[in-house]
Every structure is written in structure tokens, then in C-alpha cells.
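The exercises below ask you to read a protein model step by step, with the sequence and the structure side by side. Try each task yourself before you turn to its solution.

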Amino acid sequence: MKKFIILLIVSYFLSYIHAAAAEKTLNNERIAIHPKIGYLFNFHTADFYRFKGAIDCGLFKSGSGSGLTASLSVEYPLSDNLKISLGAGWFDRSGLLKVSNSFLSRDSVLMEPVEVQTDNKMDATLPFIEIMPGIRYTLTDKFISGPLRLNADLRFGFSSGATFRQSEEIVSPNNVVFIYDGKNLREREIASGDIAPIASPVTGISFGLENLLKVGKSSHFSQSIVFDYNLTNFVKDVTWKSAALRLELGLRLGIKRKEAPITEPPAEEPVKDIEKPVIAKEDKKEIEKEKKIIPPPPPPPDPVLDVEITDYKFEILTGNELTATVPLVNAVFFDRNSDKIPDEYIIKSGNDFENIDDAIDIHYYLFQRIADIVKRNPEAEITLEGATSGKDNEPAGTSLAKARAESAKDALIKCGVPGNIITIRYRIYPRILSNQDFEEGAIENQRVDIILKNAPTQEYVNIQNYAELQGDYQVKPRYANIPEGRKPSLKGFRNFIKEVEHDSPVKIPVLKRLANDEEVLNLKAVLNFETKTAEADKDIDISDIESRQVELNLDNFEAILRFDYNSSELSSENKELLRQLTEKLPEGSSIIIYGSADALGTEQRNVQLETERAGKTRKFIESVAPGKFTITASRGSEKYNEATPQGRFLNRSIRLRVKD
């Protein structure tokens, strides 16, 4: 950085030496090329707790950083003073964001409580490839040594590998350390990885001044100072922008238009009548014969494609598998001051949810899932409890809460639930109130809770027979008449697609659950280039594939147990799930418990909830199955989308996973 500032000072000193070169040196240009290098001072503004992969360590508000830049632009003149520009470059917009926290800990020597001050740091590496259309306007041709210009650009940035490292550092007192793997650390890493979901593109604007020092007939040494501001966020689902002060040096190379020589026009001569020669018919024929007719070049040959399935290797795994159903968020969330069920919810009879395993998406099939539970439990009864976010937000109060409950009842009836088993209740606030100090908490309170009696909300654990085919098949592509530097693409099983080399074998992986009545496995390969295709397919008799018995497959098991807001107490339904799990798992299995909390509330309270939820779950399992399993409990890092109320409900939970 010091070398760059020294270089900038030297360039301004040279400007005074060349003060005589103040003529209009940018006139009569055809085009100009302008490479630059520079240095950025970044200033970050933010309003987020976390993003995908990061951990909630408090509300990040600001940060700063610096980095290098390199760019190349091309200018085209619209007039002597106005140029349009198109540039591209690499910009390091990295920065360090901090959040200060404090919590009480116990001094292991004095056995007294001490207050620990920490800095939670988000060290973000943010390199971008940026495209920059803009304008260059000459304010004056006589500023020190040459033109002074005003520059303005739009910027469209594309990430070239955004990563982060999240750490926690103890600030005070000096004698406090983290104990990690037997080491005493003042700073520990708590998360790292790729920043996601990164916005693409990140848009911004730039304004600056640029002074040009003439160093040749049509070349200039440039010095510029620029202010950058991002209009959009770095990450799609959080508020995080930056501004930057940019210092740049460059060499501008102009290409002049050729000036035509000035010549005197020739003196006009009197026009004389010229008599056309008369050509005989026989001579005309001879002239036509002598004319050479040049045929057009032949068209390029059509691409030739061929593909063949040459080999395959499969096995079928059969046996029992332990699974858990997708968790159910048994509440309908409403827009403010509205009793209309949002359009995202599916209100019709059927089982459209059966092939959906995403807990966020399946929430919108809530009415169909409740109808399915009632159908399988004839003694079921339903209570609908309508609520609001309080009269300050929703003045209609209990009348709105009642209307919401009636809307939910109508939706359940449309999905096949008998109306005589449904009871309606309503109140200003829900029985379990979310924190209304946060807007997200108020949104969660605008809901109808669906309470089931004589029927489980979820049938959590199930052992089922399964057959899974796995392996691969080999394909050999062949082609000709493909332009150099280009390749055809090969499509195979499911979403497999790849550009391929001529005569080079390709293995296509297969992983498929088999239905009881499946007898044939169809393998396909499609080679494609522009409009040309070649296909190969092969039918494999499933009965000819070797099978291997698996005693109990636990690889796909994951159960989500939900907790009430700000609570770590296990519900009776969750305790029943845990009892089922202990009965079905083989002795000696390892159970891993991850505690989770939503982003509402303080970081200290959320950490406490995550730890308590995992710990109480562990104690309950040990109480009903003492010594049967190896159990570990810790805070989890995986989170559902906090931008949705059902995502926040699901984050008030624990995740259970099992290993043999």
C-alpha cells in the first residue's frame, strides 16, 4: 500500500513537469484502451445475524477492509468532450465485521462469576469480476498537465469465490481463554466456508475524477480517485452492502483517426460526346465465354454423432431402513389485518404432499396433511385457535382472530375433514407468544394453531422395507466434423450431463429406489450437438442383478423435534418419538443430537436454548434406555430459512441422527 501511495505522489509531481502539454489531446480519437491498477478502502454496512453456513453471533452492523483492483476499459467518442466506456476488472471488496458480546463465566480458581467480553468477527473475502459500462466527460483540457475528467459507471459484479471465516476472540479479562482440543486459545474459529447464497450480479454505481498526464503523442498516464456504492446486497437473503474509496493509476492509449490530405480539386474539362462502340453478336458470345464464373465454397460437412452403452455394473441393496417423517408446523400464518389464507397454501383434497421432503415447502400442504391424519385416526378431534399480533398492529382484535379460525375450518372441510369434529377458539394473542419486539415475532403471532386430539401430529419413526439399486453404466461417445474447441454433450441417468471427448469412455452413476412391481431398468444415453442427436438405450432385467441384504440402514435417518418458543421442555409427543426410537435402534448405536434455536432473542439466550434442548433430550433417552447407546449432544449449525415463519418454527428444535 505504501508503494502505491508513493507512486501516486510521484505521478502528480511529474504532472507539473509536463504542464506545457495542455492542448486538446483527446480530440480526433477513434478509440482508446485504458488498463488500470488501484487500491480499495472498503466500508461495509450490514443488518444481519447470519447467512447460510454462518452462525448467529449477534447483529452485524458495520465493518471495513481494503484490497487491490485491476481493470481494463475501452472508450469510444461521442464528441470531443464525451466518451462512452465499457470496462471489466477484478475488485477485492473484502472486509471484517465485528459484534461485541458479553456473558458471565465462572473463574475456575476463585470460583467467582466474571464478565467476559468477546468480539465475534466475520472476516469476509469478497473478490468480484465486475463489468462497468459508463461515461467519461472532460471538464477542462487545462488542469495542471492535461485533461480533468468526470467519470461515472454502472457496475455489475460477479463473485469469483466469496468465502468467510467466523471467529470469536476474548477481549477481556486477560486471564480468560477458550479450551479447545486441550489447547488454551484467546481466539477460536466457529465457522468458515463459502458465502451463500451470493447475489449475482451485485449492482452498484461509481463516481470519480481523473487527471490525465500526457506521456506520448496519444498516450496518457492517468490518476483517479473514485467513490463506489453498492445498490444491492452481497447475499440474497440478508442486508449487507458496501461503499469504497478507490485510488487508481493507469496508462491510457488512444488510437487517432487518419486525417485525409487536403488536395485541390482538378479543373473541370468540357464533356465530350463519346461514341459507343458497336459489338457484333459473335463477339459478344466470345466475351461471355471468357468470363470466369467462381462457384461458392462448399458448405461444411454435417456433424456425425454416435453413442453406445458398452458395459454396466449394478447391485441391489435390500433390507430395512429407519426413517422419520417430515416435521409438521401445525399453524397457518396470515398477512397483517387479513383473514384470507395466503395463496401459497394448497386447499384441495388429495395427497399432493407425498413426494415432497422439504420441510419448508411441505408446510403449504398443511391442510392436506391434517386431512390425511384424520382419515387414518377416526377418533380424531381438531381445535382451531385463531390469534393476532395485538391491537397496536391489528385493531380488529378478536373478530379478526375468529375470522382467521373460520377460514382455516373452511379450508380443512374442502380438503375432506368432517366439519363436526372441528372446534373454533380465538384470542388476541396465541397461547404460546412469539417475541413481538421483533417484526418477525409479530408476523408469527398472526396465525391459527391446529391442535389435534386422539391423533398424533406426526408419526415420527418408521422401519420400512426398501430396495435400492446402485452402480453405474459405461458409455462410449464417437463424433466427427465438430468445430475445433467445441464438444458435444452427453445426457444420462436423471440429471447427468457432461461435455465429452471423442472415443473416451464415460461412467454414468445410477442411484434408484425400486418399486415392488419394477421388472426392467432402462438405461439411456443421448449425445447432442446443436440440432444433431444420437441415442442409445438398453433394458436390463432387474431379476438378473445381484442383491445384497442390509440388516438396518441408518444413513438416511434424521428426525426433527420441535420446541415451543423460548422453551427447552420436551412435549409428550416428542417423548413418544424418543421412546419409539430407543425401541427400534440396535444396541450400541450412536445417537447425535444437535440443539437449534431461531434468530429471535439475544445471542446469549439462543446459545443457552440450543444447549438445553440438546442436553434435556440426551437425559431423556438415557432415562428410558440406560447404557444402550452412545449419545453426544451439541449445538447445531444447520438452519432452516429464517425469512419464513415456518422456518423459524423449525429452527426451535433438535436434529437427531444415528450411526451404527
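A residue is called buried if its relative accessible area is under 20%, exposed if that area is over 50%, and partly exposed in between. Keep in mind throughout that this is a predicted model.

**Exercise 1. Salt bridges and accessibility**

Find the salt-bridge partner of Arg478 and of Arg548, and decide for each residue of these pairs whether it is buried, partly exposed or exposed.

*Solution.* Begin with Arg478, whose side chain meets that of Asp503 in a salt bridge with a distance of 3.4 Å from N to O. Next, place the two residues along the chain: Arg478 belongs to strand S20 (residues 461–480), while Asp503 sits in the loop between strand S22 (497–499) and strand S23 (506–513), so this pair ties together parts that are 25 residues apart in sequence. Then apply the cut-offs: Asp503 has a relative accessible area of 39% and is therefore partly exposed, and Arg478, with 29%, is partly exposed as well.

Now turn to Arg548, which forms a salt bridge with Glu315, the closest N and O atoms being 3.1 Å apart. Since Arg548 lies in strand S26 (residues 547–553) and Glu315 in strand S15 (residues 304–324), the parts that this pair ties together are 233 residues apart in sequence. Arg548 is partly exposed because its relative accessible area is 40%, and Glu315 is partly exposed at 25%.

**Exercise 2. A salt bridge within a network**

Asp228 forms a salt bridge with Arg93; work out whether Asp228 is buried or exposed, and in which parts of the chain the two residues lie.

*Solution.* First look at the contact itself, in which the closest N and O atoms of Asp228 and Arg93 are 3.0 Å apart. Asp228 is found in strand S13 (residues 219–230) and Arg93 in the loop between S3 and strand S4 (95–106), so the bridge ties together parts that are 135 residues apart in sequence. With a relative accessibility of 1%, Asp228 counts as buried, and Arg93 at 1% counts as buried too. As a last step, widen the view: Asp228 and Arg93 belong to a network of linked salt bridges, whose members also include Glu75 and Glu130. A search of the whole structure finds 48 salt bridges.

**Exercise 3. The neighbours of strand S3**

Determine which strands pair with S3, and in which sense.

*Solution.* On one hand, strand S2 (residues 60–77) pairs with S3 in the antiparallel sense over nine bridges, and these two strands form a hairpin with four residues between them. Within this pairing, Glu75 stands opposite Ser85 in S3. On the other hand, S3 and S6 are also antiparallel, and 11 bridges join them; here Gly89 stands opposite Glu130 in S6.

**Exercise 4. A nonpolar patch**

Identify the strand that gives the most residues to the nonpolar patch on the surface.

*Solution.* Start from the members of the patch, which are Leu68, Leu86, Trp90, Ile129, Ile131, Leu154, Phe156 and Phe158, with about 690 Å² of accessible area together. The elements that contribute two or more residues are strand S3 (82–92), strand S6 (127–143) and strand S7 (146–159). Of the elements, S7 gives the most, with three residues. As an example of a single member, Ile131 lies in strand S6 and counts as partly exposed because its relative accessibility is 34%.

**Exercise 5. An open sheet and its helices**

Write down the order of the strands in the open sheet of four strands, and explain why one side of S16 and of S18 has no neighbour in the sheet.

*Solution.* The order is S16-S19-S17-S18, and the pairing is mixed. Strand S16 (331–333) and strand S18 (422–426) stand at the edges and each have a single partner strand, so one side of each is left without a neighbour in the sheet. Looking closer at one pair, you find that strand S17 (residues 381–386) runs parallel to S18 and is joined to it by five bridges, with Thr423 in S18 as the bridge partner of Thr383. Finally, add the helices: helix H5 (residues 398–414) packs on the sheet and touches S17, S18 and S19, whereas helix H4 (residues 366–376) lies across S16, S17 and strand S19 (447–453), running at about 15° to S19.

Key. Residues are numbered from 1 along each chain as its sequence is written. This is a predicted model: local features need pLDDT of at least 70, side-chain atom pairs count only at pLDDT 80 or more; totals for chains, interfaces and linings use all residues. Side-chain values use heavy atoms; hydrogens and water are left out. Patches are made of residues with over 30% relative accessible area and no salt bridge: like charges are joined within 9 Å, nonpolar side chains (Val, Leu, Ile, Met, Phe, Trp, Tyr) within 5 Å. Accessible areas come from the Shrake-Rupley method with a 1.4 Å probe; for residues, only the protein chains shown count as cover. A salt bridge is a side-chain nitrogen of Lys or Arg within 4 Å of a carboxyl oxygen of Asp or Glu. Buried means under 20% relative accessible area, exposed over 50%, partly exposed in between (1.4 Å probe, protein chains only). Two strands pair if DSSP finds at least two bridges between them. Contact means heavy atoms within 4.5 Å. Axes are lines fitted to C-alpha atoms, for helices over the stretch in contact, and angles run from 0 to 180 degrees between N-to-C directions.
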